[in-house]
Amino acid sequence: MTDAQLLVGMAELKVARGPAHFSCLGLGSCVALTAMDVSNDVSGMVHIVLPKSLTGRQVDKPGKFANTAIDALVSAMEELGAQRTELHLAYVGGAQV
């Protein structure tokens with residue numbers, strides 16, 4: 001079986017069950033957060049653009065803001081069978097440009 005090739009654009013969130021290769025181009029000051037549940041073979045990535053959504057405003061893309069992206073990523077992974085207590089997370093990016 002070949003790995004799924006998933007390109008994660010700005011404010012996007014993608015998850016996969018089984019082998020997957022996530023790519024996120026041009027992070028700059030953005031942050032890419034990855035999560036993996038090895039036991040249940042579920043992984044995901046979100047390309048976070050801004051730290052916090054504005055209070056009282058509707059959020060169309062939860063991956064855009066750090067305060068909504070993390071919960072959205074974990075929830076999407078749980079829908080594929082991941083267990084919150086089994087997640088391993090890593091992040092990259094956040095350059096001061």
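This passage walks through the sheet, the helix packed on it and the nonpolar cores of the structure. The model is a predicted one.

A good place to start is the sheet. Four strands make up an open sheet in the order S2-S5-S4-S6, and the pairing is antiparallel. At the edges sit S2 and S6 (88–93), each of which pairs on one side only. Between neighbouring strands of this sheet there is an average turn of 15 degrees, direction ignored. In general, strands of a sheet are held in pairs by backbone hydrogen bonds, in either a parallel or an antiparallel way. Here, S4 and S6 are joined by six bridges in the antiparallel sense. To pick out a bridge, Ala35 has Leu89 of S6 as its partner.

Next comes helix H1, which packs on the sheet and touches S2, S4 and S5. The direction of H1 makes about 160 degrees with that of S5. H1 covers residues 66–79, and its 14 residues should span 20 Å at 1.5 Å a residue; the end C-alpha atoms are 20 Å apart, so the expected and modelled spans agree. Which residues of H1 are buried? They are Ala69, Ala72, Leu73, Val74, Ala76 and Met77, and they pack against S2 (13–17), S4 (31–37) and S5 (42–48). After H1 comes Gly81, with a positive phi near 110 degrees.

The helix and the sheet also meet in the largest nonpolar core, a set of 11 residues: Leu33, Ala35, Val42, Val46, Ile48, Ala69, Leu73, Val74, Met77, Ala82 and Leu87. At least two residues of this core come from each of S4, S5 and H1, and H1 gives the largest share, with four residues. This fits a broader habit: in soluble globular proteins, nonpolar side chains tend to be buried together. Met77 shows how the pieces come together. Leaving out residues up to four places away in sequence, Met77 touches Val15, Ala35, Met36, Asp37, Val42, Ser43, Gly44, Ala82 and Leu87. Apart from the largest core lies another one, of eight residues, including Phe22, Cys24, Leu27 and Ala32.

One last residue deserves a look: His47, which is found in S5. Is His47 buried or exposed? His47 counts as buried because its relative accessible area is 1%, and the cut-off for buried is under 20%. Not counting neighbours within four places in sequence, His47 is in contact with Val8, Gly9, Met10, Ala11, Glu12, Cys24, Leu25, Leu27, Cys30, Val31 and Gly63. Among these contacts are Cys24 and Leu27, which also belong to the core of eight residues.

Technical notes
Residues numbered from 1 in each chain as written. Predicted model: local features only at pLDDT ≥ 70, side-chain atom pairs only at ≥ 80, totals over all residues. Heavy atoms only, no water. Expected span 1.5 Å × (residues − 1). Buried < 20%, exposed > 50% of the residue type's maximum accessible area, 1.4 Å probe, protein only. Contact = heavy atoms within 4.5 Å. Pairing = 2+ DSSP bridges. Axes fitted to C-alpha atoms, helices over the stretch in contact; angles between N-to-C directions. Core = buried A, V, L, I, M, F, W, Y, C linked by side-chain atoms within 4.5 Å.
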